[in-house]
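I opened a fresh page for this chain and kept my notes short. Have a look at the model alongside me.

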Amino acid sequence: MKLSHLAETLIGSEIIKLAAEVKEKQAKGEKIYNFTIGDFDPKVFPIPVEFEQEIITAYKEHLTNYPPADGIAELRKAVGDFIAEREGLTYDPAKEIVISCGGRPIIYATFRTIVDRGEKIVYATPSWNNNHYTHFLEAEHVVLETKAENDFMPTAAELKPLLKGATLLALCSPQNPTGTAFHKQQLEEICDLVIAENKSRGANEKPLYIMFDQMYWVLTFGETHHYNPVQLRPELKEYTIFIDGMSKAFAATGVRVGWALGPAHVIGKMKAILSHVGAWSPMAEQKAAARYLVQKENVDKYLQHFKGEIEERLVKIYEGFDALKKAGHPVEAIAPQAAIYLTVKLDLAGKTAADGTVLQDQAAVTSYILNEAKLALVPFYAFGAAKNSPWYRLSVGTCVKQEIPEMFEKLKAALEKLK
């Protein structure tokens with residue numbers, strides 16, 4: 001039966017497809033080391049105890065009615081204070097902050113508010129869902145495929161020829177799926193490009209906006225620091241919309257509290273769109289988040305422990321891949337920088353398995369590693385990269401530390417069977 005052009009042409013999620021295959025194997029009793037999902041196992045990474053208690057308290061107070069479409073005032077203020085204190089950004093809670101049920105609705109609202117059909121959206125690959133949101137709008141995809149030598153982050157030199165006439169530049173740092181982040185100079189150079197592009201436009205032309213997804217910004221490790229466009233170039237405040245929230249910073253993906261920060265004229269229209277979509281965060285969770293975010297000591301304590309646990313897993317797995325590389329296997333990893341992801345390389349296409357099967361392409365490599373090593377990873381082509389890219393996202397959100405050595409034993413054995 002015929003459906004809308006959008007429905008007929010929308011590509012399904014490769015990650016969901018892979019997750020279904022993993023679940024099927026697990027249902028049959030197979031032990032799978034599942035590093036696919038950009039989520040947390042609550043048994044491994046629970047939300048903060050104080051936050052959990054505030055949620056329970058809010059429900060006991062019967063806070064179950066509709067919240068305001070833009071979020072309760074108490075939470076918008078708490079978010080404003082949290083961002084001002086920890087990131088040095090100042091936004092008016094009444095006009096420049098909107099609350100939603102996680103990041104997806106506010107990303108959609110950002111695209112919808114800024115971009116018209118046929119206009120150019122510039123984004124890099126691999127990246128999360130920019131291709132699908134651009135498709136939703138029937139906008140023009142202007143795609144930059146990033147390079148491993150730049151940690152899969154876009155550079156100003158690569159973006160410069162793409163920005164003329166574009167309406168939106170979608171950036172993410174720390175980035176999903178790579179777990180890498182912009183260096184200060186990298187981002188400064190991109191900011192200067194946007195400023196120059198906007199200065200070149202006439203008074204009646206739509207400016208070039210930046211959507212800056214910083215959902216993982218508190219999760220940086222080692223020498224990595226988080227930088228954002230407005231911090232580096234304050235004049236970009238009028239053109240930058242931040243995507244942020246509780247989901248990744250506090251292992252609270254299912255709690256559904258996200259927010260956007262941006263210029264009042266953009267946020268005001270986003271509020272209107274979200275009011276019609278009904279994508280608000282539940283009242284009780286909003287009240288709980290408002291009460292928790294101001295508990296500075298508890299927040300600091302949680303983040304210190306949480307970040308330490310994530311970093312330990314990322315470092316151990318990175319060291320495991322590095323050891324395999326030094327042993328002569330065609331694998332590689334980028335040292336951990338941020339988020340809950342490790343970028344790893346499995347350069348196995350063209351090799352022959354023990355049963356004589358040739359791994360013809362990267363899809364065959366993914367299946368081989370899943371079936372032989374019981375290791376589930378998401379290939380970068382699920383994030384818009386080329387189909388022959390040998391790079392993968394490895395997520396530690398469900399990783400049990402004690403299982404890392406046995407996972408590498410199985411991976412090593414699978415690699416040794418290849419010729």
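My entries below go from the whole chain down to single residues.

**Entry 1: the whole chain**

I noted at the start that this is a predicted model. I counted the secondary structure and got 14 helices and 13 strands. Then I checked the radius of gyration: a compact globule of 419 residues would have a value near 22 Å, and the chain has 22 Å, so the two agree. Along the principal axes, I found that the C-alpha trace spans about 65 × 55 × 55 Å.

I looked up burial next, and buried residues make up 55% of the 419 residues. For contacts with a separation of 6 or more, I found that 74% join residues 24 or more positions apart. The chain exposes about 18,200 Å², with 52% of that supplied by carbon and sulfur atoms.

I also tallied charges: there are 48 positive and 53 negative side chains, and the centres of the two sets lie 2 Å apart.

**Entry 2: aromatic rings**

How many aromatic pairs does the chain have? My count came to 21 aromatic pairs. I picked out Phe82 and Trp217, which are edge-to-face, 6.4 Å centre to centre with 65 degrees between the planes. Phe82 sits in helix H4 (residues 73-87) and Trp217 in the loop between strand E6 (209-213) and helix H9 (229-232), so this pair ties together parts that are 135 residues apart in sequence. I checked accessibility too, and both Phe82 and Trp217 are buried.

My second pick was Phe152 with Trp391, also edge-to-face. Their centres are 5.2 Å apart and their planes make an angle of 70 degrees. This pair links distant parts of the chain, 239 residues apart: Phe152 is in the loop between strand E4 (140-145) and helix H7 (156-159), while Trp391 is in strand E13 (residues 391-395). Phe152 has a relative accessible area of 5%, so I wrote it down as buried. Trp391 counts as buried as well, at 7% relative accessibility.

I then followed ring pairs from residue to residue and found a cluster that includes Phe82, Trp217, Phe250 and Tyr292. Phe40, Phe45, Phe51, Tyr302 and Phe306 are also among its members.

**Entry 3: backbone oddities**

I went through the peptide bonds and marked two cis ones. The bond from Thr125 to Pro126 is cis, with omega near 0 degrees, and Pro126 lies in the loop between strand E3 (120-125) and helix H6 (130-136). The bond from Ser173 to Pro174 is cis with omega near -10 degrees. I placed Pro174 in the loop between strand E5 (166-172) and helix H8 (184-199).

Phe152 turned up again here: it has a positive phi of about 60 degrees although it is not a glycine. Arg256, not a glycine either, has a positive phi of about 65 degrees. I found Arg256 in the loop between strand E7 (240-245) and strand E8 (258-261), partly exposed with a relative accessible area of 24%.

**Entry 4: two neighbourhoods**

Which residues does Thr220 touch, leaving aside those up to four places away in sequence? I listed Pro174, His226, Lys307, Gln337 and Ala338. Thr220 lies in the loop between E6 and H9 and is buried at 15% relative accessibility.

Last, I looked at Ala58 in helix H3 (residues 49-60). Ala58 is buried, with a relative accessible area of 0%. Beyond four places in sequence, Ala58 touches Leu63, Ala284, Lys287 and Arg291. I also noted 8.4 Å between the C-alpha atoms of Ala58 and Met283, which are 225 residues apart along the chain.

Conventions. Residues are numbered from 1 along each chain as its sequence is written. This is a predicted model: local features need pLDDT of at least 70, side-chain atom pairs count only at pLDDT 80 or more; totals for chains, interfaces and linings use all residues. Side-chain values use heavy atoms; hydrogens and water are left out. Helices (H or I, at least four residues) and strands (E, at least two) are DSSP runs, numbered from the N terminus. The radius of gyration is taken over C-alpha atoms; the globule rule is 2.2 Å times the number of residues to the power 0.38. Buried means under 20% relative accessible area, exposed over 50%, partly exposed in between (1.4 Å probe, protein chains only). Contact means heavy atoms within 4.5 Å. Accessible areas come from the Shrake-Rupley method with a 1.4 Å probe; for residues, only the protein chains shown count as cover. Lys and Arg count as positive and Asp and Glu as negative; His and the chain ends are not counted. The place of a charge is taken as NZ of Lys, CZ of Arg, CG of Asp or CD of Glu. Rings of Phe, Tyr and Trp (its six-membered ring) pair if their centres lie within 6.5 Å; planes under 30 degrees apart count as stacked, over 60 as edge-to-face and the rest as tilted.
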